[in-house]
Amino acid sequence: MELTVIGSGDAFGSGGRLQTCFHVTTANKEFLIDCGATALIGFHKLGRDPNRVGTIFISHLHGDHFSGLVWWLLHALHVSGRTEPLDIVGPEGTAERYAVVAEALFPGSTRREPRHRLTWHELKEGQVTTVNDISVKPYPVCHPSGAPSYALRILADGKSIGFSGDTEWVEALTDVAADADLYISECFGFDEPSCCHMNWRVIEQNLDRLTSRRIMLTHMSPVMLANRDKVRNPRVIIAEDGLTLDV
Ligand SMILES: [Zn+2]
Ligand SMILES: [Zn+2]
């Protein structure tokens, strides 16, 4: 299984990075973890085909994590003429929030029926949802977004990926990361406290309890980006747009 960082930025484009999106490919399927506003741009930049992505998982309903669905689905409708089915898996209310955003940005865009099957799936706290042979378990986190915000634990082809989503430190993150092949953690700050997000010092204090094989830091503020060379741990990787990892 391979994971490519499409976007490793925060909501503000810090460091010129695209917003949160990870592209995972296995022997026979492709999926996204989060779909920030710039997801389609990042895909085109890497010469990838959006129609090959069969499933999109969304951690929470902030624009830098889910609003890229607007352009993703417009592209499928008007540009690529997508016929491949697409499943979107997100917190309660994802389809409704998508419709509000899409109609605000491109009025009338949700009234045209796509040529492909489009299915929305709602995550339920603590329950495993399986879609296209990929299972996901959502863990509630501390990050207000007008709907439940989740960390995700994803299992596909016998490999496990944990993703913190956006959040302050919560104890459940140790379960999300437990023995995972890869744990992706937001790391907004370096040592400065910030509301609803973590910083490197908090993650560092809990490193021994985050038992994944590797940890990748993402969603970094300008201060964290300026200090990223101070992160020195063989298990910890700093995300970069375009970086591909074997999971
Ligand atoms: Zn964010
Ligand atoms: Zn957020």
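In which sense do strand 12 (residues 215-218) and strand 13 pair, and over how many bridges? The pairing is parallel, over 3 bridges; the legends below begin with the sheet that holds these strands.

The model is predicted: local features need pLDDT of at least 70, side-chain atom pairs count only at pLDDT 80 or more, and totals for chains, interfaces and linings use all residues. Residues are numbered from 1 along each chain as its sequence is written, while chains are lettered from A and ligands numbered from 1 in the order in which they are written.

**View 1. The open sheet of 7 strands.** The strand order is 7-8-9-10-11-12-13, with mixed pairing. Strand 7 (129-131) and strand 13 (236-238) are the edge strands, and each pairs on one side only. On average, neighbouring strands of this sheet are turned by 20 degrees against each other, direction ignored. Such angles run from 0 to 180 degrees between N-to-C directions, with axes fitted as lines to C-alpha atoms. Ile215 stands opposite Val236 in strand 13. Strands (E, at least two residues) and helices (H or I, at least four) are DSSP runs numbered from the N terminus, and two strands pair if DSSP finds at least two bridges between them.

**View 2. Strand 2 (residues 21-25) and its partners.** Strand 1 (residues 2-7) pairs with strand 2 in the antiparallel sense over 5 bridges, and Leu3 has Val24 as its bridge partner in strand 2. Strand 2 also runs antiparallel to strand 3 (residues 30-33), joined to it by 4 bridges. These two strands form a hairpin with 4 residues between them; Thr25 stands opposite Glu30 in strand 3. Of the 5 residues of strand 2, 4 are buried. A residue is buried if 20 or more other C-beta atoms lie within 10 Å of its own, exposed if 12 or fewer, and partly exposed in between, with C-beta atoms placed from the backbone.

**View 3. Helix 3 (residues 68-79) and its cover.** The end C-alpha atoms of helix 3 are 16 Å apart, which agrees with the 16 Å that its 12 residues should span at 1.5 Å a residue. The expected span is 1.5 Å times one less than the number of residues. Buried residues of helix 3 include Trp71, Trp72 and Leu73. Among the elements that cover its buried residues are strand 2, helix 1 (39-45) and helix 4 (94-105). Gly81, just after helix 3, takes a positive phi of about 60 degrees.

**View 4. The largest nonpolar core, with 61 residues.** Phe22, Leu32, Cys35, Ile56 and Phe57 touch the most other members. Helix 3 gives the most to this core, with 6 residues. A nonpolar core is a set of buried Ala, Val, Leu, Ile, Met, Phe, Trp, Tyr and Cys residues joined through C-beta atoms within 7 Å. Beyond its neighbours within four places in sequence, Phe57 has contacts that include Phe31, Val89, Val136 and Leu152; a contact requires C-beta atoms, placed from the backbone, within 7 Å.

**View 5. Positive phi at Asp157 and Cys196.** Most residues other than glycine have a negative phi. Asp157, with phi near 50 degrees, lies in the loop between strand 9 (150-156) and strand 10 (159-163). Asp157 counts as partly exposed because it has 13 C-beta neighbours inside 10 Å. Phi of Cys196 is near 70 degrees, and this residue is in the loop between strand 11 (182-186) and helix 6 (200-205). Cys196 has 16 C-beta neighbours inside 10 Å, so it counts as partly exposed.

Conventions. Two residues are in contact if their C-beta atoms, placed from the backbone, lie within 7 Å.
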